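Let's take a guided walk around a protein model. Keep the picture open while you read, and find each spot as it comes up.

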Amino acid sequence: MDLSPGIFLYDVKDKSISILIRRFWSYEGLSPPSYTYGDPDFFKIWVWEIVSSKEGRIFYSESGLINLIKADVFVVLGDI
């Protein structure tokens with residue numbers, strides 16, 4: 001599933017509209033935590049910043065967001 005900034009999502013449960021804003025690494029711009037000393041990339045996850053009509057600014061891991069779409073909790077409406 002290809003997600004990209006500008007895609008609109010409909011939240012079936014909350015009946016709200018959201019838009020994907022940006023995708024970034026979990027600790028982008030920060031020093032990797034000490035437990036990642038051996039392989040910092042192993043602990044990175046992709047995160048999506050989303051703006052929702054009900055909740056405002058929210059964050060989901062990319063894998064979590066994809067699972068919510070597959071489970072029909074979020075419906076992809078399209079992009080701008």
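Below is a short tour of a helix, some charged pairs, a surface patch and a loop. One thing to keep in mind is that this is a predicted model.

## The helix and its hidden side

Start with helix H1, which covers residues 62-70. Four of its residues, Glu-62, Leu-65, Ile-66 and Ile-69, are buried. Looking down the axis of H1, you'd see these buried residues fall within an arc of 100 degrees, so they line one face of the helix. That fits a handy rule: an α-helix has 3.6 residues a turn, so residues three or four places apart point the same way.

What sits on top of that hidden face? The cover over the buried residues of H1 includes strand S1 (7-11) and strand S2 (16-25), along with S3, S4 and S5. Once you've left H1, look for Asp-72, which follows the helix and has a positive phi, near 65 degrees.

## Charged partners

Now for the charges. Side chains of opposite charge can pair when their charged atoms come close. How many salt bridges turn up in a search of the whole structure? There are three.

One of them starts on the helix: Glu-62 pairs with Arg-23, with 3.0 Å from N to O. This pair ties together distant parts of the chain, since Glu-62 is in helix H1 and Arg-23 is in strand S2, 39 residues apart. Glu-62 has a relative accessible area of 16%, so it counts as buried, while Arg-23 is partly exposed at 36%.

## A little network

Next, find Glu-49. Its side chain meets that of Arg-22 in a salt bridge, at 2.7 Å from N to O. Here too the pair links distant parts of the chain: Arg-22 is in strand S2 and Glu-49 is in strand S3, 27 residues apart. Glu-49 also forms a salt bridge with Arg-57, where the closest N and O atoms are 2.8 Å apart. Because these salt bridges share partners, Arg-22, Glu-49 and Arg-57 are joined into one network.

Which of the three are buried and which are exposed? Glu-49 is buried, with a relative accessible area of 10%. Arg-22 is partly exposed at 34%, and Arg-57 is exposed at 55%.

## A nonpolar patch outside

Head to the surface and look for Val-12, Ile-17, Val-75 and Leu-77. These residues form a nonpolar patch there, with about 290 Å² of accessible area together. Leu-77 belongs to strand S5, residues 74-79. Its relative accessibility is 51%, and the cut-off for exposed is over 50%, so Leu-77 counts as exposed.

## A loop with a visitor

Last stop: Ser-53, in the loop between strand S3 (46-52) and strand S4 (56-61). Is Ser-53 buried or exposed? With a relative accessible area of 54%, Ser-53 is exposed.

Which residues does Ser-53 touch, leaving aside its neighbours within four places in sequence? They are Ser-16 and Ile-17, and you've already met Ile-17 in the nonpolar patch. Lys-15 is worth finding too: Ser-53 and Lys-15 are 38 residues apart in sequence, with 9.3 Å between their C-alpha atoms.

Terms used:
Residues numbered from 1 in each chain as written. Predicted model: local features only at pLDDT ≥ 70, side-chain atom pairs only at ≥ 80, totals over all residues. Heavy atoms only, no water. Helix = DSSP H or I, 4+ residues; strand = E, 2+ residues; numbered from the N terminus. Buried < 20%, exposed > 50% of the residue type's maximum accessible area, 1.4 Å probe, protein only. Contact = heavy atoms within 4.5 Å. Patch = residues over 30% accessible without salt bridge, like charges linked within 9 Å, V, L, I, M, F, W, Y side chains within 5 Å. Areas by Shrake-Rupley, 256 points an atom, 1.4 Å probe, with all protein chains shown as cover. Salt bridge = Lys/Arg side-chain N within 4 Å of Asp/Glu carboxyl O. Arc of directions from axis to C-beta.
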